[in-house]
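Colleague: Please take me through the terms in your description of this model, and what each one rests on.

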Amino acid sequence: MKKEIILVNCPPWGVDRPPLGLGTIAQYLENSDIKVKVFDFNIELYKNIDKRKKFLWDMNNHELWIINFQKVKDQINNFDLIVEEFANKILKENIDIIGFSIASPKGFFAVELIKKIKEKDINKRIIIGGPLVSTKEGINFFLEKIPSLINFFVVETSEKLLKELVLNINEAEKIPGVVKNQNEKITKLIKQEKQENSLKTTFPKYSGFPLKKYIHPDSLDIEWSRGCIANCSFCSVRAMNGFYKSKPPIPRLKEIKYHYNRGVKHFSLADSTINGNIKYLEQTCDLIIKSKMNIFWSGQAIPRKEMTPQLFKKMRLAGCNRLEFGVESGSNKTLSAMKKINTVEVSEKNLKDCYKAGIQTVIYLIIGFPGETEDDFKETLNFLERNKEFINIVRSFRQPYLVQGADITVNPNKYGINVEKDCLGIKWSSKNNDFKTRIDRIQQVKNKLDLLNIKYDLFDQKDIINANPNILLFNPPPWGIEDPPTGLAYLASYLKNKKISVNCYDLNIELYNLSPLKLRNLWHVENKNYWKNKETFKKVFQIYKKKIENSVQKIIKTNPSIIAFNVVDPKERITIEIIKQIKELNPKIKILLGGPGTNTSEARSWFTNSIPELIECYVVGEGEETLYEATRALLKNKSIDNIPGIITYKNKKYNIFKQRKLLQINKQNIWPTYEEFDLNEYHSDALRVEWSRGCIGNCVFCKGKAINPGYRFRNPKSIVEELKYHVKNNNKKRFIVVDLTVNGNLKRLEEVCDLIIKKKLNIKWLAQGIPRTEMDLNFCRKMKKAGCYEFQIGVESGSDKVLKIMKKRHSVSEAEKCIRNLSNAGIKTGIFIMVGFPCETEKDFNKTLNFIEKNHRYISYIKSINAVHLIENTDLQENAKKYGIITLKDKHESKFPECEWYYKWETKSGNNWDIRQIRMKKMYELLKELKIPLVETNFNEGKENKQDKNIKEEINLLQDLQKFSNLDIQVKTNNFIGLFFKCLKEHGLIYTLEHVVAYLKK
């Protein structure tokens, strides 16, 4: 009877092309008359997963599958169902032998899949091979996780081994290179005498693979050699593949021709060293040139003095368009310690000759090798400076990992390495060289590459592996879910520039992404008070209690010295609960609060009345320099009472507060890189940027002036430099300018537009500002040309009398002119409307209705129609009697700050909440008639107090506003089919069908 085997590829792995190793093994077995069925679950999962989760397959994130597999599982909707589906596909084939090829990132997923297979059929025989089980540590990984479920380990690398095992599976313990798992103990390994060079006779034809599913179906991985002529101390290639073995030129050509005739024109060589045999390399190039096949190929090379300019030119003629060099360091001393066979001088000559031959040059760097001094590291930076002209891409600049089989892993003492328990090959240390040192040097390389304008790919990021940060910046919910918090990103960049170690943690987006559909409306602006109301918050907190506890424990493990919270209404209650948990687990962590929620004593009373002893201080006003000085002082155990911008509250007394001078952002070149955040977690393709701070207006209802006094516009060159960075490094071409008044300095705004046009950035941006007559049609057209596709304007009222009392700078006619100029220039216009200002009469209100009706052709949408709130620290609130307001917060002082005074105020003339609701409703009816979309309104303010239904039902009873669709900011949506079944499972058929209807309408 013909022998059969199933071969399985687990995630994560490359998705550009089918896996070469599995393809080669499958072909060898088929050539040996063994029937093979291949399942590439890696590409299958990748193709079907939500687009926002595809970042897990990025090589920068492969460590996550090792370090925090639970987080990966949480990211993949219906993970357990997916694993069960894969197991059923395997079992359906009714084949007894199942083989897995496993590299380190795949290990945990393979464990889950094997458990499910054995749960359904214990008699299936499981074989594990690949790099992970080439060492004892790798085998122990599986024996610890699933001690009795794996039957055989193929320890040594050879297609022949698997063939022998399949044909003689009942006598596996006698096969050299294979060990058998008997009663959770493995048999003794018999070493192979000599490995067969199957490269001469076998190449993969990929007949069992779904080629069309891969990202590049016209491209394949091929192999001309195995092993390496070098034996670098940080590398495991020699341990896994032995000495260098090369495929002769004629079989190489035969393989290329086979695939070329089937439409493949691009080949990626998987060899560790394509120039290990230079004679074969040159002969192969001659054969390709003679064949006249129009192909392109790339591969990895060792810098070698034998590589001549003539050879590089010949390689280019043969189709080589990219070479990746293992340069590793710019220090010859470090290269010698690495046991590299090249020198710095050879690397430089190879790069120059290769680049001049027309081949794209790519280099790899290793940062922080044991023994690398600061001077050695600077030599690497100097190497980049000297050779920037000849380097197209730095493919990787990472610290040396302690990979299984490498000499630094096998003999760490020889290199002075101290290995932490469970360090996963990452957090080792040696003399003057610890994890933090290496991360700091990697950051310096990144900065250098940015300065030299050299592209780069893979590097160690702090948000993957936290390195005992000095300070953790924390964003609690609720907040926006479209993009990361700009304020925290600014603080992070500023502190890093001052050499403070920073991490960011966005609990807001984490909880949102983990929430079922029925709970996601908790983040809707209309439902924000469910987080603030005492009774509804109890329910909300109970829903997320376990997830919050897990997040707090995760934070504590990173061991930050300081945690700074961004506080704004309505985050107060959840912030208090999180602080309690943090302090209970680690009382030594110092807690700082900043943001609008700390600017007034009333706002701070949430914390001073409940957890005064747990808060170290409050950062009031602009936070960058204040937070830096406070962090530096706290790390040195110094007093912070006299730092400008800091408020402390001890023994029921505040310190003497000193106002801090405003930052001169017009002279600085510091802006957020967002590298602390995973942009794939967020839900739009836009990124927030800031061009100015403060406002030139002085509106009586707004506290913008109190938070950011003094209008400042950044240097236009710095703004455009930031935009270029985000286009290049964050792959963003759409931006939201978060300024209160982007048009406060029209000269600077015009300079920004001119630079964007000159640099041909091809971006789009949205901003908001005030009506200004200086924005004539030509100015608006220039904004449009520079990428402004949408502008939001604070019109507020159609009555000049009301505008004057509001202290608005514009008149009704000026607002009308500005809207029309923007619209005629092709820019979408959104306007803000305020209803029920204290002096507003019915006549004034009707003027606003008339304004909208008169200009409706020029108004793309209404951003908000809100009844006036009394906001703390505004003239309207502080001098309420001046505006005829008779219902004040002091009537409710005992309940402050939880009472409803801020919206249920009234005047002697009868302007009350009921009147304001009637006016909002009238306005909304007009918008429906004119078919103008409305984004938001506070018409249902206070609905959280009614408590008529289950909270999940209440938050989904949103106002019936016209659907607002911003076509220019692409909202990332989940896979429809996946969402349907997830919703069906969690909420039942009726709710699911309702959401399907809403989805289709949208």
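Modeller: I will begin with one strand pair: β4 (residues 125-129) and β5 (residues 152-154) run parallel and are joined by two bridges. The model is predicted, so local features need pLDDT of at least 70 and side-chain atom pairs count only at pLDDT 80 or more, while totals for chains, interfaces and linings use all residues. Residues are numbered from 1 along each chain as its sequence is written, and side-chain values use heavy atoms, with hydrogens and water left out.

Colleague: What makes β4 and β5 a pair?

Modeller: Two strands pair if DSSP finds at least two bridges between them. β4 and β5 have two bridges, so they pair. In one of the bridges, I127 is partnered by F152 of β5.

Colleague: Which sheet holds them, and in what order do the strands run?

Modeller: An open sheet of seven strands, ordered β2-β1-β3-β4-β5-β6-β7, with mixed pairing. β2 (35-40) and β7 (185-186) each have a single partner strand, so they stand at the edges, one side of each being left without a neighbour in the sheet.

Colleague: How do you know that the radius of gyration agrees with a compact globule?

Modeller: The radius is taken over C-alpha atoms, and the globule rule is 2.2 Å times the number of residues to the power 0.38. For 1002 residues a compact globule would have a value near 30 Å; the protein chain has 32 Å, which agrees.

Colleague: What share of the residues counts as buried?

Modeller: Of the 1002 residues, 57%. Buried means under 20% relative accessible area with a 1.4 Å probe, protein chains only.

Note on methods
Buried means under 20% relative accessible area, exposed over 50%, partly exposed in between (1.4 Å probe, protein chains only). Helices (H or I, at least four residues) and strands (E, at least two) are DSSP runs, numbered from the N terminus.
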